[in-house]
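Open the model in your viewer and keep the sequence panel beside it. We will go from stop to stop, selecting as we go.

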Amino acid sequence: MAEPDVVEREEIAVQLVRVPDGIEHIRRAWDELEARVPLRGRRFLGAFDPGAGEYLACVQVREGDGLVPGLESGTLPGGRYLRARLRGEPPAVYDLIGPTFDDLTRGARVDSARAWLEHYRRRDEIDLLLPVL
């Protein structure tokens with residue numbers, strides 16, 4: 001993992017599958033989302049809300065997109081985030097997400113009103129985004 005940096009992000013309109021926290025639920029959410037939305041050329045994000053104990057598997061809405069049947073629409077908030085970039089082959093890189101978020105929270109002023117984000121940039125590259133004050 002590279003040294004974390006602080007970034008400003010804009011609010012993002014998404015369509016999503018909402019599940020309780022837990023790896024089996026998260027896997028199911030991604031399977032459901034990927035079955036409904038073509039993977040090529042789309043931006044995918046995960047959002048974890050520790051306070052609500054929920055995970056959202058999301059696809060960014062593009063201009064002209066209609067609501068995909070079976071998905072909810074929503075928004076991921078913008079603002080300041082502490083960003084760490086993970087690189088590695090799936091599924092091994094996914095095992096780094098939890099421990100890396102744990103590292104990011106140490107000493108950070110976490111904004112508990114916003115979800116923790118995973119931006120899947122490529123198959124083997126994930127930006128982890130911790131909301132900070």
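The tour below moves from strands to rings, then to charges and loops.

This is a predicted model, in which local features need pLDDT of at least 70, side-chain atom pairs count only at pLDDT 80 or more, and totals for chains, interfaces and linings use all residues. Residues are numbered from 1 along each chain as its sequence is written, and side-chain values use heavy atoms, with hydrogens and water left out.

**Stop 1: strand E4**

Select residues 54-60, strand E4. Helices (H or I, at least four residues) and strands (E, at least two) are DSSP runs, numbered from the N terminus. In E4, 5 of the 7 residues are buried. Buried means under 20% relative accessible area, exposed over 50%, and partly exposed in between (1.4 Å probe, protein chains only).

Now add strand E2, residues 12-20: 7 bridges join E2 to E4, and the two run antiparallel. Strands pair if DSSP finds at least two bridges between them. Find Val-19 and look across to its bridge partner in E4, Tyr-55.

Next add strand E3, residues 44-49, which pairs with E4 over 6 bridges, also antiparallel. Here Leu-45 has Cys-58 as its bridge partner. E3 and E4 form a hairpin with 4 residues between them. Gly-53 in that turn has a positive phi of about 65 degrees.

**Stop 2: Trp-116**

Go to Trp-116 in strand E7. Is Trp-116 buried or exposed? Trp-116 is buried, at 16% relative accessible area. Beyond its neighbours within four places in sequence, its contacts (heavy atoms within 4.5 Å) include Phe-48, Phe-101 and Leu-130. Tyr-55 is 61 residues from Trp-116 in sequence, but 9.4 Å away in space, C-alpha to C-alpha.

**Stop 3: Asp-111**

Step back to Asp-111, in the loop between helix H2 (97-105) and strand E7 (116-122). Asp-111 is buried, with a relative accessible area of 15%. Its side chain reaches the backbone nitrogen of Ala-113 at 3.0 Å. Setting aside neighbours within four places in sequence, Asp-111 is in contact with Pro-131, Val-132 and Leu-133.

**Stop 4: the rings**

Rings of Phe, Tyr and Trp (its six-membered ring) pair if their centres lie within 6.5 Å; planes under 30 degrees apart count as stacked, over 60 as edge-to-face and the rest as tilted. By this rule there are 5 aromatic pairs. Select Tyr-94 and Tyr-120: their centres are 6.4 Å apart and their planes at 70 degrees, so the pair is edge-to-face. Tyr-94 sits in the loop between E6 and H2, and Tyr-120 in strand E7. Ring pairs link both of them with Trp-30 and Phe-44 into a cluster.

**Stop 5: salt bridges**

The structure holds 15 salt bridges. Each is a side-chain nitrogen of Lys or Arg within 4 Å of a carboxyl oxygen of Asp or Glu.

- Arg-18 and Glu-72 meet at 2.9 Å, N to O. Arg-18 is in E2, Glu-72 in strand E5.
- Arg-36 and Glu-32 meet at 3.7 Å, N to O. Both lie in helix H1, about one turn of the helix apart.
- Arg-42 and Asp-65 meet at 2.6 Å, N to O. Arg-42 counts as buried at 16%, whereas Asp-65 is partly exposed at 28%.

Then select Arg-85, Arg-87, Arg-121, Arg-122, Asp-124, Glu-125 and Asp-127, which a network of salt bridges links.

**Last stop: Pro-91**

Which peptide bond is cis? The bond joining Pro-90 and Pro-91 is cis, with omega about 0 degrees. Pro-91 is in the loop between strand E6 (79-87) and H2.

Technical notes:
A polar contact is a pair of N or O atoms within 3.5 Å; within protein, one must be able to donate a hydrogen and the other to accept it, and residues adjacent in sequence count only if both atoms are side-chain atoms.
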